[in-house]
Amino acid sequence: MSDTDHVILADLTWQEVESAVQGGVDTIIIPLGATEQHGPHLPVGTDTRIATALAERVARNLGDAFVAPPVPVGPSDEHSAFPGTLSISPDTLTAILHDYVSSFETQGFTRVVILPGHGGSFSIVDAAYAELARVEGVDLVAITRLQQYMELLEEGLAAAGIDVDEPVVHAGASETAMLLAIEPSLVEGELPEGHTGTVSAAALFADGVETYDESGVLGDARPATAAAGEVLLEHIADAYTAYIRDEFHELNTHR
């Protein structure tokens with residue numbers, strides 16, 4: 001694909017998509033987001049915007065790739081006390097992904113990448129991977145390791161000169177920085193310091209985020225900058241690009 005500026009599938013006509021696929025665009029990247037509270041300073045669509053921005057960067061790195069319309073909802077029950085939060089079940093998300101993959105196979109895409117930007121979706125994608133990979137005619141690569149995502153965020157913050165500890169990534173420095181880089185007009189007011197101590201996963205999912213911070217922020221957003229957000233996005237996208245290339249190579253090698 002020669003024009004790497006046009007990677008968003010939804011921005012193209014059907015004729016443009018058909019021509020691109022016939023011309024060698026064989027990869028589609030599916031961003032997984034969420035619609036859930038992200039404190040008083042970030043929009044409820046934060047995860048969706050981050051996942052889409054990462055997918056765009058990966059698509060440009062790969063070449064011959066498009067970005068699918070994002071899945072803008074995920075499992076978000078722990079945020080349900082906050083207005084604006086939507087949540088779907090793991091089974092619903094798995095069914096949506098199966099239909100996405102099957103539909104893209106019908107359209108002629110032979111490689112599909114699933115890229116979560118919402119922490120609650122990683123384990124669901126991991127559990128569904130074997131089923132999704134059985135769709136005939138498609139090679140599937142999925143980003144399934146939440147811990148890897150956390151490590152990449154830590155590395156990116158360090159590279160940007162931001163010294164914060166994010167035991168849970170939610171509306172703190174890393175997500176705020178990435179939103180400042182993607183769409184700064186959506187970041188409102190003063191950047192808050194939320195809960196910065198330890199977090200019990202069991203309590204978080206059983207009792208809700210509000211048990212830790214009534215504003216819904218887990219982490220300290222105050223050090224975030226747009227420049228740091230660019231470093232984070234590029235660092236994660238480069239790492240994911242390398243992983244995706246290696247995984248597709250492995251699939252082709254064992255064919």
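Visitor: What is the relative accessible area of Glu193?
Guide: Welcome! Residues are sorted as buried (under 20% relative accessible area), exposed (over 50%) or partly exposed (in between), using a 1.4 Å probe and protein chains only. Glu193 belongs to the partly exposed class, and its relative accessible area is 46%.

Visitor: Before we go on, which atoms do side-chain values use?
Guide: This is a predicted model, in which local features need pLDDT of at least 70 and side-chain atom pairs count only at pLDDT 80 or more, while totals for chains, interfaces and linings use all residues. Residues are numbered from 1 along each chain as its sequence is written, and side-chain values leave out hydrogens and water and use heavy atoms.

Visitor: Which residue forms a salt bridge with Glu193?
Guide: A salt bridge needs a side-chain nitrogen of Lys or Arg within 4 Å of a carboxyl oxygen of Asp or Glu. For Glu193 the closest N and O atoms are 3.3 Å apart, and the partner is Arg222.

Visitor: How many residues apart in sequence are the parts that Arg222 and Glu193 tie together?
Guide: Arg222 lies in the loop between α7 (201–207) and α8, and Glu193 in the loop between α6 and α7, so the parts tied together are separated in sequence by 29 residues. Helices (H or I, at least four residues) and strands (E, at least two) are DSSP runs, numbered from the N terminus. Arg222 itself is partly exposed, at 47% relative accessibility. To come back to the separation in sequence, it is 29 residues.

Visitor: How many salt bridges does the structure hold?
Guide: Side chains of opposite charge can pair when their charged atoms come close. One such pair is Arg60 and Glu56, which meet at 3.6 Å, N to O. The number of salt bridges in the structure is five.

Visitor: In which helix do Arg60 and Glu56 lie?
Guide: Arg60 is partly exposed, at 34% relative accessible area, and Glu56 is partly exposed too, at 22%. They sit four residues apart, about one turn of the helix, and that helix (residues 46–62) is α2.

Visitor: Which residue meets Arg57 in a salt bridge at 3.3 Å?
Guide: The side chain that meets Arg57 at this N to O distance is that of Glu230. Glu230 is in helix α8 (residues 226–253) and Arg57 in helix α2, so the pair ties together parts that are 173 residues apart in sequence. Arg57 is buried, at 18%, whereas its partner is partly exposed, at 33%. That partner, again, is Glu230.

Visitor: Which residue is linked with Arg57 and Glu230 in a network of salt bridges?
Guide: The network has Arg57 and Glu230 as members. Their companion in this network is Glu234.

Visitor: How far from Glu78 is the nearest side chain of opposite charge?
Guide: Glu78 is found in the loop between β2 (65–67) and α3 (90–107), and it is buried yet has no salt bridge. Lys and Arg count as positive and Asp and Glu as negative, with His and the chain ends not counted. The nearest oppositely charged side chain is that of Arg49, at a distance of 19 Å.

Visitor: At what angle do α5 and α6 pack?
Guide: Two packed helices are described by the angle between their axes and the distance between the axes. Axes are lines fitted to C-alpha atoms, for helices over the stretch in contact, and angles run from 0 to 180 degrees between N-to-C directions. Here α5 (residues 146–159) and α6 (residues 173–182) have axes 10 Å apart, and the angle is about 70°.

Visitor: Roughly parallel or roughly perpendicular: how are α5 and α6 arranged?
Guide: Angles under 35 degrees count as roughly parallel, over 145 as roughly antiparallel, 65 to 115 as roughly perpendicular and the rest as oblique. The two helices, α5 and α6, are therefore roughly perpendicular.

Visitor: What is the phi of Ala171, in the loop between α5 and α6?
Guide: Most residues other than glycine have a negative phi. Ala171 is buried, with a relative accessible area of 0%. Although it is not a glycine, its phi is positive, at about 70°.
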